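Please open the structure in a viewer and keep the sequence beside it. The tour below proposes one selection after another and states what is found at each.

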Amino acid sequence: MNTLMAECRTQPRITACDLVMVGWHDGVGKLNQLGNVEDLSLGGMGILVYDDLPVGTPLTVSYGYGELGGIVRHSATRDHGVFIGIEFDEVSRNSMLHFQP
């Protein structure tokens, strides 16, 4: 079954290919997994990960010397993992730490 997701982005996205560390809490402790950034905007990013994260999960995305916070807004299974769409929190949207792809 094919479903189309309505386009509701407020910022243009650019294609990116960077490795990041995704961190979140599962109620017991902090978990981390490696992710591959596929696209990026001032308001959020799309990351390909191995383990799915539920929609609504708060998380951090660490890269180099920076860290951005956000929340999982959608996820979709792909051939090589799970694509998660992340909306940055207000502090991260206004951060000067956005990486330079």
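A contact means heavy atoms within 4.5 Å. Of the contacts in the chain with a separation of 6 or more, 49% are between residues 24 or more positions apart. The model shown is predicted: local features need pLDDT of at least 70 and side-chain atom pairs count only at pLDDT 80 or more, whereas totals for chains, interfaces and linings use all residues. Residues are numbered from 1 along each chain as its sequence is written, and side-chain values use heavy atoms, with hydrogens and water left out.

**The whole chain**

Begin with a cartoon view of the chain, which has one helix and six strands. Helices (H or I, at least four residues) and strands (E, at least two) are DSSP runs, numbered from the N terminus. Followed from the N terminus, the elements run β-β-β-β-β-β-α.

Next, colour the chain by pLDDT, the predictor's confidence in each residue, from 0 to 100. The chain average is 83, and 77% of the residues score at least 70. Among the elements, strand 6 has the highest mean pLDDT (96) and strand 1 the lowest (83). Select residues 1–6: the pLDDT there is below 50, and beyond near neighbours in sequence the stretch has one contact in the model.

**The nonpolar core**

Buried residues, those under 20% relative accessible area (exposed means over 50%, partly exposed in between; 1.4 Å probe, protein chains only), make up 40% of the 101 residues in the chain. A nonpolar core is a set of buried Ala, Val, Leu, Ile, Met, Phe, Trp, Tyr and Cys residues joined through side-chain atoms within 4.5 Å.

Which residues of the largest nonpolar core touch the most other members? Select Val22, Met45, Ile47, Leu59 and Ile84, which hold that position among its 18 residues. The elements that give two or more residues to this core are strand 1, strand 2, strand 3 (44–49), strand 4 (58–63), strand 5 and strand 6. Strand 6 gives the most, with four residues. Now centre on Ile84; leaving aside neighbours within four places in sequence, its contacts include Met45, Ile47, Leu59, Val72 and His74.

**The salt bridges**

A salt bridge is a side-chain nitrogen of Lys or Arg within 4 Å of a carboxyl oxygen of Asp or Glu, and the structure holds three. Select Glu38 and Arg78, whose side chains meet in a salt bridge at 2.7 Å, N to O. Glu38 lies in strand 2 (residues 30–40) and Arg78 in strand 5 (residues 66–78), so the pair ties together parts 40 residues apart in sequence.

Move on to Glu87 and Arg73, where the closest N and O atoms of a salt bridge are 2.6 Å apart. Glu87 lies in strand 6 (residues 81–88) and Arg73 in strand 5, so this pair ties together parts 14 residues apart in sequence. Add Arg93, which forms a salt bridge with Glu87, the closest N and O atoms being 3.8 Å apart. Salt bridges that share partners join Arg73, Glu87 and Arg93 into one network. Arg73 is partly exposed at 46% relative accessible area, as is Arg93 at 34%.

**The surface**

Finally, switch to a surface view. The chain exposes about 6700 Å², of which carbon and sulfur atoms supply 56% (Shrake-Rupley method, 1.4 Å probe; for residues, only the protein chains shown count as cover). Select Leu19, Met21 and Leu34, a nonpolar surface patch with about 300 Å² of accessible area together. Patches are made of residues with over 30% relative accessible area and no salt bridge: like charges are joined within 9 Å, nonpolar side chains (Val, Leu, Ile, Met, Phe, Trp, Tyr) within 5 Å. Met21 lies in strand 1 (residues 14–25) and is partly exposed, with a relative accessible area of 35%.
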